[in-house]
Every structure is written in C-alpha cells, then in structure tokens.
Amino acid sequence: MGAERTILKTQVGIVGGGPAGLMLSHLLAKSGIENIVVEKRDHETIRTTHRAGILEHGSVRMLTETGVSDRVLSEGYRHEGIDLRFGGESHRIDFEDLVGESVWLYPQNEVFTDLAAARERDHGDVRYGVSDTAVVDLATDTPKILFTDSDGRDFEIHCEILVGSDGSGGICKRSIPKEARTDNFIEYPFAWFGILTRAAPSAPELIYANSDRGFALISQRNDEVQRMYFQCDPNEDAQSWSEERIWDELQARVDGPDGFQLTRGPVFEKTVLKFRSYVCEPLRYGNLFLAGDAGHTVPPTGAKGLNLALADVRVLFEAIDSFYATRSAELLDGYSDKALKRVWRAQNFSYWMTSMLHTRADATLFERKRALGELSGVVASRHGSAYLAEAYTGWPNT
Ligand SMILES: Cc1cc2nc3c(=O)[nH]c(=O)nc-3n(C[C@H](O)[C@H](O)[C@H](O)COP(=O)(O)OP(=O)(O)OC[C@H]3O[C@@H](n4cnc5c(N)ncnc54)[C@H](O)[C@@H]3O)c2cc1C
C-alpha cells in the first residue's frame, strides 16, 4: 500500500465541482454546515468547457437570491420565447404570454465562474485537480472520500453525508451495489453536431427546427459568438466536415419560403454530442446522495440538464439543512422520491421534444407526416403551446 493518508473531517463531503456540487457547497456554507468539494478537473478546464446555455427562471433566482452573483441579470440575455420551425415556417412560442415566465441565455461556464468565485470569496474548501477519487463505507455513519490532491498527496475525507455530484461519467453511482439500484435508460439513434462560430446572432431567440433532413437548433452565446447544432449520426466524424459543408447543412434545415438566412462566420469548435436518457433509482444508498447528472441525464433538446441539477440541489440542501437543524432524517429519507418527481417530468419533456423534433433516418412517409401533424397541433393550440412553455421555463418548485 502507498504512503499514509491525511484524514480530513467534515459534515458533508462532495464529489464533483460542477454546478450541482458548487451550488450545494455554497448553500451549505451559508447555513453554517461544513463541507469539502473534490473536483478532478482544474478550474481553467471547467471554465473554458462549453456546455449548457439556458437557465430557467428558478435557476436564475437561485443564483441571484442566494448571493452567488447578479451577473446573469447584467450579462445574460432574457428570452421570452422560442421559435418552432417546420415546413419552412417559424411559429413563436411566447412564454411570457402563455405562462408569464421567461428563460435566460447564460452559458454554463459563466455559471461555473460565478459559483467558483463565490466559493473562493467565502473561503470554501474546493480542491481542484484531484485524482484517484474513490468513495467507501457508504452504508455506515462515516462514509469516506479517498483522493490524491493536485500536489500528489493522499487524503481521506471522513464525513457524515456524502454527495455524489460527479456528473454522468462519475464514480459515485457506480459505487452503489448493482442490486441496490435500478439503471433506467434509453439510447437514441442520433446525436448532435455542435458548432461555435464567431458571427452575429442569426435570430434574437432560439430556433428549434424540424426538417426532412433532420433537426437543427439555432442558438446564441452572446453578440459575437453563436452556438448551433444539427442532428447527425452518432458515429459522425466532426473533423471531416468543412465549414462550407456545415453551413450548407444547417441552412438546408431552416430553408423556407420566408427566405430566412443564417449569419455565417468562422467555426472555431465542432463536436459530436451523443446523448441518452438515464435515471438511477433511488438517488440514495446509505449516506450517499446523488445530485445532478450523477443521478440522471437527459437529452439536451429540452435544455433541462443544468436546471435539473440545480433543482436537485434545492431539495437536497433543504433536507441536509433540516437534518442538522433538527437531527430528524425525515427530509433526507424523502429526498430521492421528491427529486425524482421532477426528474421524471423532465425526462418526459426532454424525450418528447427530442422525438417530436428529430427525424429518424428510416422514417416512413407516414411517420414524417404524423410528426408534422404533432408540431402543428402544438403551435395551433394555446394549451399545447402552454404545456411546452411551462415545461421549458421550469415548473414551480414542489
Ligand atoms: C457537450 C455538452 C453539452 C450540453 N448541453 C446542454 C444544454 O444545451 N442544455 C442543458 O440543459 N444541458 C446541457 N448539457 C448538460 C449539462 O451540462 C449538465 O446537465 C450539467 O453540467 C449538470 O451539472 P452537474 O453539476 O450535475 O454535472 P457536471 O457539470 O458534469 O459536473 C460534474 C463534475 O464532477 C467532476 N468529476 C467527475 N468524476 C469525478 C471524480 N471521480 N472525482 C472528482 N470529480 C469528478 C467532473 O469533472 C465535473 O466537473 C450538456 C452537456 C454536455 C457534455
């Protein structure tokens, strides 16, 4: 065996310093609950990795009202609707009119920047760049996190509650014995080809486009950089696509009689994003609690992943806070069931948006026409549009 490990003691040990882990750490610290976060990537890598971009109003309130930062309000973009585009025509889903809410375009790396700065400002214990993380003794009163820090020193965190917020590829859920968890998942026969381009926005709000050639999402980052995606084969080689071919493919998916044209610019990132729907049940084993992508992942079509991670944290924080305030484990015992209610609603919404908007390569004429019937049913009905608007902007907390 290697050299001796230094033992650290804390109340809550957190694996993963993404939005879920850092937000939980922030809320716990505000409530006087000690915690340590271990994160395998370094700060700069997380800060420069492009992922989600749409925040529900509830997520925005969580960032601003808990004192993380107000930057989302000054540097984010408030969107009061989206366009559904099919048959070459755009149909606006007006969130404000339908449900009186909106969403904010504010990239995940900015959310990370704000959370990491808040933890630093408040002297939080966040250890970046760790390796060889393992979680043990999960079903005991003292679950432990083992890790090696960025200077090569070995540590062991002894905690009372261990939170796995280590994302979809993390170790925590895999540390739950197979017989104690159910892995619910489906895979999709398509992926997203994503680009970042230096160009002016093509539209003021997101466009979710369905066409015979497949789905495309025209989204934005800020006034200078835009994010766009189109449906592709999961085995597509992004590097083999020239800029011209990418732009022609994106344009072909939004072409229509209104002559709508994308604003082209140099492409500086291209990736193929595979996705699936996954839920681990329950989100608990002994004193290990899963939050965010560590417990569930959704396809990106409904913009729910980051928001769901923050929604889990809201429920888990209340449960941990109540445990330390009262020593009653009632809310902790209810965490998994409560969080999973929202998770399954979001799974359904993400699945529905994905299947409604994508076109399978082997779709028959009947399936194509049925899909267009579904889309026109949604935009023609105030109730159909309101369901989409409510789910997209975020259900009230339960
Ligand atoms: C390319 C991409 C695009 C996406 N686009 C969208 C989108 O448009 N809309 C949307 O809503 N969602 C999107 N998502 C999903 C969204 O980014 C996630 O839902 C969100 O990041 C979840 O936050 P989290 O904190 O639960 O997990 P994460 O952000 O994944 O954070 C988990 C952290 O744990 C760390 N970690 C993992 N293993 C260990 C370990 N062994 N030890 C220590 N640390 C560890 C990781 O480094 C990571 O920083 C996208 C995801 C990807 C990958």
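This passage walks through the surroundings of the ligand and the packing of several helices in a predicted model. Because the model is predicted, local features need pLDDT of at least 70 and side-chain atom pairs count only at pLDDT 80 or more, while totals for chains, interfaces and linings use all residues. Residues are numbered from 1 along each chain as its sequence is written, and side-chain values use heavy atoms, with hydrogens and water left out.

A good place to start is the ligand. There are 26 residues around the ligand, and Glu39, Arg41, Gln108, Thr133 and Asp293 come nearest; a residue counts as near if one of its heavy atoms lies within 4 Å of the molecule. By class, this shell holds ten nonpolar, nine polar and seven charged residues. Here Ala, Val, Leu, Ile, Met, Phe, Trp, Tyr, Cys and Pro count as nonpolar, Asp, Glu, Lys and Arg as charged, and the others, Gly among them, as polar.

Polar contacts (pairs of N or O atoms within 3.5 Å) can be traced to particular residues. The side chain of Thr133 places an N or O atom 2.9 Å from a nitrogen atom of the ligand. Oxygen atoms of the ligand take part too: one is 3.3 Å from a side-chain N or O atom of Arg51, and one lies 3.2 Å from a backbone N or O atom of Pro19. On its own the ligand has 990 Å² of accessible area, of which the protein covers 87%; such areas come from the Shrake-Rupley method with a 1.4 Å probe.

Helices, taken as DSSP runs of H or I with at least four residues and numbered from the N terminus, also contribute to the shell. Helix H1 (19-30) and helix H8 (305-326) each supply at least two of its residues, and the largest share, three residues, comes from H8.

How do these helices pack? The axes of H1 and H8 are 9 Å apart, at an angle of about 30 degrees. That makes H1 roughly parallel to H8, a label for angles under 35 degrees. Axes are lines fitted to C-alpha atoms over the stretch in contact, and angles run from 0 to 180 degrees between N-to-C directions.

Next comes helix H9 (residues 330-357), whose axis comes within 9 Å of that of H8 and crosses at roughly 165 degrees. H8 and H9 are therefore roughly antiparallel to each other, the term for angles over 145 degrees.

Conventions
Polar contact = N/O pair within 3.5 Å; in protein donor to acceptor, adjacent residues only side chain to side chain. Parallel < 35°, antiparallel > 145°, perpendicular 65-115°, else oblique.
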